[in-house]
Amino acid sequence: MSECILVVDDDREIVKAISILLEGEGYEVLKAYDGMQALDVLATHPVRLVLIDVMMPKLDGLSALMRIREKQNIPVIVLSAKSEDTDKVLGLSMGADDYVAKPYNPQELAARVKSQLRRYTCLGDIHAGSRIGEIRNGRLLYRTDEKVLYADGEPVKLTAKETGIVDLFMRNPGRVFPAEEIYRRVWDEDAFASENTVMVHIRRIREKMELNPKEPEYLKVVWGIGYKMEKH
Amino acid sequence: MDTKWKSIKKVLCFVVFFLGVSLTIWNASGLLRRMPEKLSYWRTGNLLEDDYQQTWSFQNYMTNRLESFLSVAVNGCPGNWYYYGSGYFDSGWSDELYSWEEELALREAEATEMQGTEIWEGTDWDYYGYWDDWGYDGNDWEYWYERYDGTDPGDRENLTEEQKRRLELLEQRKQKLVEKYFADIKGDLNLLYSISYDGKLLYSNSDVLAAEGSVQLPEGYNFLLYFDGEKVRIVKDGKEIDIYGDGYYRDDSNDWYVPGYRNFPVDEDMKKAVICMAAAEEPLLYTTGMDNSGGYRQQNNSLYWMRYNSIMDGKLLRWNLIGLTAGLALLFFSCLCRKGIRESAEKIAYIQGKIWVECKVLLLLAVLYAGWRECRMSGYGYGIWKELAYAYDYQWEVLSEYGGILLSELRYMSPLFWSALFWVIWLSWNDLRHNRKGWRHGLIAKCGRTISAREIKLPMARRMVRRNAVLFVAIIVSGILVLVGTLAAVDYGAWRYYNVWSILLWCVLITACFFLAAYLVGAKNIKAARDMDVLSGRIDEICRGNYSGFYEDGNCGSGMVSGDTGDAFLSGSGSAAGSGGTPGNGSTVENSAAHNLAIQGGGASSGKGAVEEDAALWGSDLSRTMAQLENIRQGMAGAVDEQMKSERMKVELIANVSHDLKTPLTSIISYVQFLKNEEGLPEHVQDYVKILDEKSQRLKNMVQDVFAVSKAASGELPMNMEMLDFGKLLRQTMADMDEEIQNSRVSFRTELPQEPVMIMADGQRMYRVFQNLFQNALKYSLDGSRVYVTLKADGKLAVASVKNTSHMELDEDKNFTERFVRGDKSRTDGGSGLGLSIAQSFTEACGGRFELEFNADLFIVKISFGIAGG
């Protein structure tokens, strides 16, 4: 059976575009054009995920989000034209699971929907304690004994060097590693012109595990210092 | 009607209160004044009986006469019996208690024939003339004899011729004195007398009175005093009075001071004397014609005046009692309408407030002075000030005695004075209670204001100099006065204390005045200094860019502003302070209104502003400067507000526009995506879709860039500053852009130091800066040329430069960092035109320097940061 997704936006064309996109991915899509309608639909249909715009008539997205959170724990992705960091922080702190800025990249949106749904349906509670030999960080899971990285529960195929880098980062989330150190520890050689090499690898890893490799959420550059795995 | 009645009632209440208080005080003091000295003689009943023979004065008069007659009978000459108000008996010619001045005054009084009005023994000029002849301070005849012969006065045989001659003279004069004495009292038939000695009748002014102890009284006489050589008998209205009681005389009792007591026995000489005196029931006024001078001469008439006084006193006493009762009753009634009195008092205070304070002070002083004068003039004692001086002299040892005298002094003040004193005090109290700043309405205060107003026109420095000069003079003058006062006190001190009091008093008063002046000036200076402090603090704040109002802002040190300054300040800018705190929409109108008001307050203009300004000038030196500063502050605050507002509006506008652009853009991108994914489109349609896709992506980038750059320009960009390695940043950026660089037709040459070059910056923003610079270089470089990226650190400054050769001619006049300026005018290439602008904004927001240089076709960007220490 296909999963039911509620798309809420006052711009009907956007709702339509998203529904075409998501139906193409095989989901069933319900539509609503303001916050009140969204709440009505949620009350009557078994919705698995909500995509909601912020600026809407009658009831804005964030208020609707708070009302949804009073009753349901389904994943909610906020979709907004406001792309500032402060807006993102506000949306996430109000209970959103993800925040996508407009104009969105269709592939990225589809990937995020997929990711959220998988985490919600397959993995259950993300706050569950990790088992021994497992390192969990957001939608990533790294099994140290097998040296396998899972993104949204699916194993990510990595080369040996990439696995070495991922191993280093997953074991030390939040810590910033200079390129030289990464090179020394993974390649086990003295670093020389390491920046480009490391960067190439990191970019490849990102392409494999990030939803939008151009705006990475996990493997980030700390400009002028090094690289780090963001903690989620 | 109702209100009229109310006001009438109010007035009535006050009138009742006024009358009650006045009557009570008037009559109470009158009663006290008329009350005899010794309370034991206070016999209200007698006073009301109108019987003068029951009074102390009469008893005194009769005993005096008896003593005189006895003296005449025994010695041949009357003693000079003085009567004192306090009831002492004394004999002799002189009395230490009287000073010369007062004696002379007395003599003059005697010379104007004021006989009988006082209870003095009949004396006149001649009488005193004898006394002058004897001129010594000898107290009695015995003493005088001793001085002249040095022997026993009885032993007159052994006198020298000269002594005998003088004794003869003395005897003659004594005889003359006796004759004069009896001539004086003979005509006064209110007192009949007969004096016998050794069985021989010496003097008498009546045929009826025999000296044989007969108690037969003539018609019209009801009082008989008979001395038979042993005892005194008194018969009044046919009844005999027991005068000896238990046989002992007591000074403090009502006993008659006559011989015959066990402790006041009759001596041998007196035993031969028989004296009989009769007093008229209703004394008459006896007058004889003076043939030689053509006038009339009143006889002694002591008893007539005594009765007259007694009756008058009785009447007055009765009136006093009635008045006191009425006054107390009125007071009681006035207690019932206290509200009316209070309102009247307020009304009176209002009227009082209109009167110059100097007038009030003068009135108060006048009443006090009148009281002082009266104290000095009251017939008894020496005046209150001398009594005080004596009391001080005796170290207050005899305070009880002097206290009594002081009290009696106060008693003799007139009722009018007491009433006036009360009302003056009441009015002063009323004034002080209701008119809090009453002292400001007066001539001196007005002068002060005028002077201040004139002074305020002078420059600040001149004002200060002048004020300090006044202070200096005041201190010097007061110092001199204190010195003079001290010297005077030391010089005159011990023995002439009468003068020193007044000198000291004046010195103290004038010194106090000067101290007051010094205090006032000093206080003004201190206040000016405080105001200066506030002012400089204020200027400091404005310099630091705190344009908020003075009063709504707690940390502006408004607590330091003294009350008057506050008033002055608010008078100029009250509404400005109100509107200054709300820099929202529509505050322009309010601001300009506030400006007008403040200007009005600053420049002396008419109307209410001028009055307030007057008050302000009286209060503070710097109020005008404050107002001007406030004006400037408001102007600046307004300008800054305006600027901030327009900047904010611009950002808001851009944010809104970019949001509004993003929404349709989202649809466009989405549907272009669908089109792109559509299969089976004709080739040319696929081309169209591709162009649509490119342009929509470019539009997206532009919208984001516009938003970022406008935010950066308005200073609202959130920054996350941290220590980072400049060189690593460049390497990372190039690594990040490696793909683009590899695909381009230019190559990069780098010259970066291996060791870290630490700077303080926001890494994300700086990444954006170099990304833009590198993209520019890739876009506008000549094909096949090289881009040089270098970083140099010279210990303090880290300079990164990006050099590339432009593929087209650079226009020297063009400002490339201006927004939307691009290398080509056609604007058909891919950029948003914001690349350099963003680079510059972000660099500057991070605290770095952004420089552009052209050299022919060489395009150089230099970005420099201070190297962070440690």
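Biologist: Glu230(A) has a relative accessibility of 22%. How exposed does that count as?

Modeller: Compare the value with the cut-offs. Buried means under 20%, and exposed means over 50%. At 22%, Glu230(A) therefore counts as partly exposed. Keep in mind that this is a predicted model.

Biologist: Which side chain does Glu230(A) meet in a salt bridge?

Modeller: Look for opposite charges and check the N to O distance. The partner is Lys228(A), at 3.8 Å from N to O.

Biologist: Where does Lys228(A) sit in the strands?

Modeller: Strand β12 of chain A covers residues 226-229. Next, read the sheet by its strand order. Here three strands form an open sheet, β10-β12-β11 in chain A, with antiparallel pairing. The edges are β10 (176-177) and β11 (219-222) of chain A, and each of them pairs on one side only.

Biologist: How many bridges join β12(A) to each neighbour?

Modeller: Take the two sides in turn. β10(A) is joined to β12(A) by two bridges. β11(A) pairs with β12(A) over four bridges, again in the antiparallel sense.

Biologist: Which residues stand opposite Tyr227(A)?

Modeller: Read across the strands. Phe177(A) stands opposite Tyr227(A). Val221(A) also stands opposite Tyr227(A).

Biologist: What links β11(A) to β12(A)?

Modeller: Check the residues in the turn and their phi angles. The two strands form a hairpin with three residues between them. Gly224(A) in that turn has a positive phi of about 85 degrees.

Biologist: Where else does Gly224(A) appear?

Modeller: At the interface with chain B. Start there with the residue counts: 30 residues from chain A and 31 residues from chain B take part in the contact. Then take the area. Chain A and chain B bury about 2,800 Å² between them, and carbon and sulfur atoms give 58% of it. Pro103(A), Trp223(A) and Gly224(A) supply 28% of the area that chain A buries against chain B, more than any other three residues.

Biologist: How many salt bridges are counted between chain A and chain B?

Modeller: Two. In one of them, Glu739(B) pairs with Arg203(A), and the closest N and O atoms are 3.6 Å apart. Over all chains, the whole structure has 31 salt bridges.

Biologist: Which residues of chain A are linked in a network of salt bridges?

Modeller: Follow the links from one charged group to the next. Asp98(A), Glu108(A), Arg112(A) and Glu217(A) make up such a network.

Biologist: And chain B as a whole?

Modeller: Begin with the totals. Chain B has 25 helices and 17 strands. Of its 870 residues, 42% count as buried. Then ask how far contacts reach in sequence. Among contacts in chain B between residues at least 6 apart, 69% join residues at least 24 apart.

Biologist: Which residues does Ser29(B) contact beyond four places in sequence?

Modeller: Set the sequence neighbours aside. Ser29(B) lies in helix α1 (residues 2-34) of chain B. Beyond its neighbours within four places, Ser29(B) is in contact with Pro415(B) and Trp418(B). At 7% relative accessibility, Ser29(B) counts as buried.

Biologist: How is a helix read for its faces?

Modeller: An α-helix has 3.6 residues a turn, so residues three or four places apart point the same way. Take α14 (residues 443-457) of chain B. In α14(B), the buried residues are Ala445(B), Gly448(B), Arg449(B), Ser452(B), Glu455(B) and Ile456(B). They lie on the same side of α14(B), because they cover an arc of only 130 degrees around the axis. Ile451(B), Arg454(B) and Lys457(B), on the other side, are exposed.

Biologist: What is the span of α14(B) from its first C-alpha to its last?

Modeller: Compare the span with the rise per residue. With 15 residues, α14(B) reaches 21 Å, close to the 21 Å expected at 1.5 Å a residue.

Biologist: How far apart in helix α16 of chain B are Glu541(B) and Arg538(B)?

Modeller: They are three residues apart in α16 (residues 497-543), so about one helical turn separates them. Their side chains meet in a salt bridge at 3.0 Å, N to O. Glu541(B) is buried at 13% relative accessibility, and Arg538(B) is buried at 2%.

Biologist: Are Arg233(B) and Glu240(B) buried, exposed or partly exposed?

Modeller: Arg233(B), at 30% relative accessibility, is partly exposed. Glu240(B) is partly exposed at 48%. Their side chains meet in a salt bridge at 3.2 Å, N to O.

Notes. Residues numbered from 1 in each chain as written. Chains lettered and ligands numbered in written order. Predicted model: local features only at pLDDT ≥ 70, side-chain atom pairs only at ≥ 80, totals over all residues. Heavy atoms only, no water. Expected span 1.5 Å × (residues − 1). Buried < 20%, exposed > 50% of the residue type's maximum accessible area, 1.4 Å probe, protein only. Arc of directions from axis to C-beta. Pairing = 2+ DSSP bridges. Contact = heavy atoms within 4.5 Å. Buried area = accessible area lost by both parts, 1.4 Å probe. Salt bridge = Lys/Arg side-chain N within 4 Å of Asp/Glu carboxyl O.
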